[in-house]
Amino acid sequence: IARAYVALLFGLPRNAGMILAANPSSLVVLARIADQHKEPLIRDIADGTLRRDLELPPAIRTQLESRLKKRLRKARQFEDIVRRTGTLYPKDIWPPEHTLIGTWTGGSVGPYLRQLNQYYGETYLRDLGLVASEGRFTIPMQDGSASGVLDIGAHYFEFIPEDEAESKQPTVLGAHELIEGRHYFILPTTSYGLYRYDIRDLVKVTGFFGRTPLLQFLGKGNHFANLTGEKLSEHHVTRSMDHVTRKRGIGPGTYSLAPCWDEAQPFYGLFVERGDSLDGEDTKAFLRDLDAAMREHNSEYDSKRDSKRLGQLRLMILPSGFWQQWDNERLVRSRGVPEQYKHPCLLGDINFRTSVPVEREIHAEEPG
């Protein structure tokens, strides 16, 4: 909270036309903290102070406090916003029509993207491109698209077809050999010395810019589940979830799907927090729609459902706040950085169900 609070304290009083964050979840959290802590924020902005209950190293606190100044006019403006709307969201401070958000828009971040309008309004939205610690791989060309042109001027790229990922002697293709609509794992040889580096990023060819392919990031190849031969990927899950949430106009903010073992009939569980789910019949209808979408987007999952080797999806209700703690612990173990972290929408761990505190389980009975 301290880092986000400080960013808001210094950022909210300024005119912002561009907001950049690798992960849209960071933007959602930032907006929520602005509203949850609006009273001390407005007070600190007015007084030029930094609340004492924030855990900050003394040296950093001293540096920050030396740069603060009273902004009474801005504080009164924010108080007026709260009186008028009851909230303090960025969309009421920075006009959405003059704001550009740059963030990931592909892969598993869909649940967070859908929340941006609530907090930031209908801004311009530009993908940051496929960027990793190893380098930049694509350059976005259009607003509202997760595709980018392959950055052939920076590195050399090769590709392995998705269905040959586990082969001992896979086909390796150059960028000029790719086919529109197909999925590939990308192998960069970088100008920094990495050779045929298997980053495990799965991409889709969405078209071409001249002869250079346009690529969309789909997800990490290790986000994969194969309980009974269904070969379910994170892309299948996020695509299905996006389809259902668009259809119903509602869906979970943060979720993960995971295989659950049952001696009679194994199944997949949709894990969400209490308060982030539907109730009653709507929940069951949502689960049935999601199951149908997954069958449509993955023929192997469809066949395993037909043969009854897999049962119907079930909703698993977790305690409120569970995902934030789980993500933080996972981030610490991986020694990663928050800006590059992506919450996994698919887990392959068959023991996940027994390792988490499920409060309630909701079954969607098979129709008719």
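# A guided tour, starting at strands 16 and 17

Select strand 16 (residues 267–273) and strand 17 (residues 314–318): they pair in the parallel sense over 5 bridges. Strands here are DSSP runs (E, at least two residues), and helices are H or I runs of at least four, numbered from the N terminus. Two strands count as paired if DSSP finds at least two bridges between them. This is a predicted model, where local features need pLDDT of at least 70, side-chain atom pairs count only at pLDDT 80 or more, and totals for chains, interfaces and linings use all residues. Residues are numbered from 1 along each chain as its sequence is written, and side-chain values use heavy atoms, with hydrogens and water left out.

**Stop 1: the mixed sheet**

Stay on strand 17 and pick L315. L315 is the bridge partner of L270. Now widen the selection to the open sheet of 4 strands, in the order 15-16-17-18, with mixed pairing. Strand 15 (256–260) and strand 18 (360–363) stand at the edges; each has a single partner strand, so one side of each is left without a neighbour in the sheet. Neighbouring strands of this sheet are turned by 30° against each other on average, direction ignored. Such angles use axes fitted as lines to C-alpha atoms (for helices, over the stretch in contact) and run from 0 to 180 degrees between N-to-C directions.

Next, select strands 15 and 16 together. They run antiparallel and are joined by 5 bridges. A hairpin through 6 residues connects strand 15 to strand 16. Look for A258, which stands opposite G269 of strand 16.

How many residues of strand 16 are buried? The count is 7 of its 7. Buried means under 20% relative accessible area, exposed means over 50%, and partly exposed lies in between (1.4 Å probe, protein chains only). In a regular strand, side chains alternate between the two faces of the sheet. Both faces of strand 16 are covered: F267, G269, F271 and E273 lie on one side, with Y268, L270 and V272 on the other.

**Stop 2: the parallel sheet**

Move to the open sheet of 3 strands, order 1-2-3, with parallel pairing. At its edges stand strand 1 (18–20) and strand 3 (124–127); each has a single partner strand, so one side of each lacks a neighbour in the sheet. The twist averages 20° from one strand to the next. Select strand 2 (residues 100–103) with strand 3: 4 bridges join them. L100 has Y124 in strand 3 as its bridge partner.

**Stop 3: helix 1**

Select helix 1 (residues 2–11). Its buried residues include A2, A4, Y5, V6, L8 and L9. Add helix 2 (24–36), helix 3 (38–47) and helix 4 (58–66), which are among the elements covering them.

**Stop 4: helix 7 and R114**

Which residues does T245 touch? Beyond four places away in sequence, T245 touches R114, I250, G251 and F286; contact means heavy atoms within 4.5 Å. T245 is found in helix 7 (residues 234–248). At 5% relative accessibility, T245 counts as buried.

Now follow R114 to D242. These two form a salt bridge, with the closest N and O atoms 2.5 Å apart. The pair links distant parts of the chain: R114 is in helix 6 (residues 110–120) and D242 in helix 7, 128 residues apart. R114 is partly exposed at 35% relative accessible area, and D242 is partly exposed at 22%.

**Stop 5: more salt bridges**

Side chains of opposite charge can pair when their charged atoms come close. The rule used here asks for a side-chain nitrogen of Lys or Arg within 4 Å of a carboxyl oxygen of Asp or Glu. By this rule the count comes to 18 salt bridges.

Select R295 and D306. Their closest N and O atoms are 2.4 Å apart. R295 lies in helix 8 (residues 280–297) and D306 in helix 9 (residues 299–306), so this pair ties together parts that are 11 residues apart in sequence. D306 is exposed, at 53%.

Stay in helix 9 for E300 and K304, a salt bridge at 2.9 Å between the closest N and O atoms. Being 4 residues apart, E300 and K304 are separated by about one helical turn. Is K304 buried or exposed? K304 is buried, with a relative accessible area of 6%.

Finish with R52, R61 and E65, joined into one network by salt bridges that share partners.
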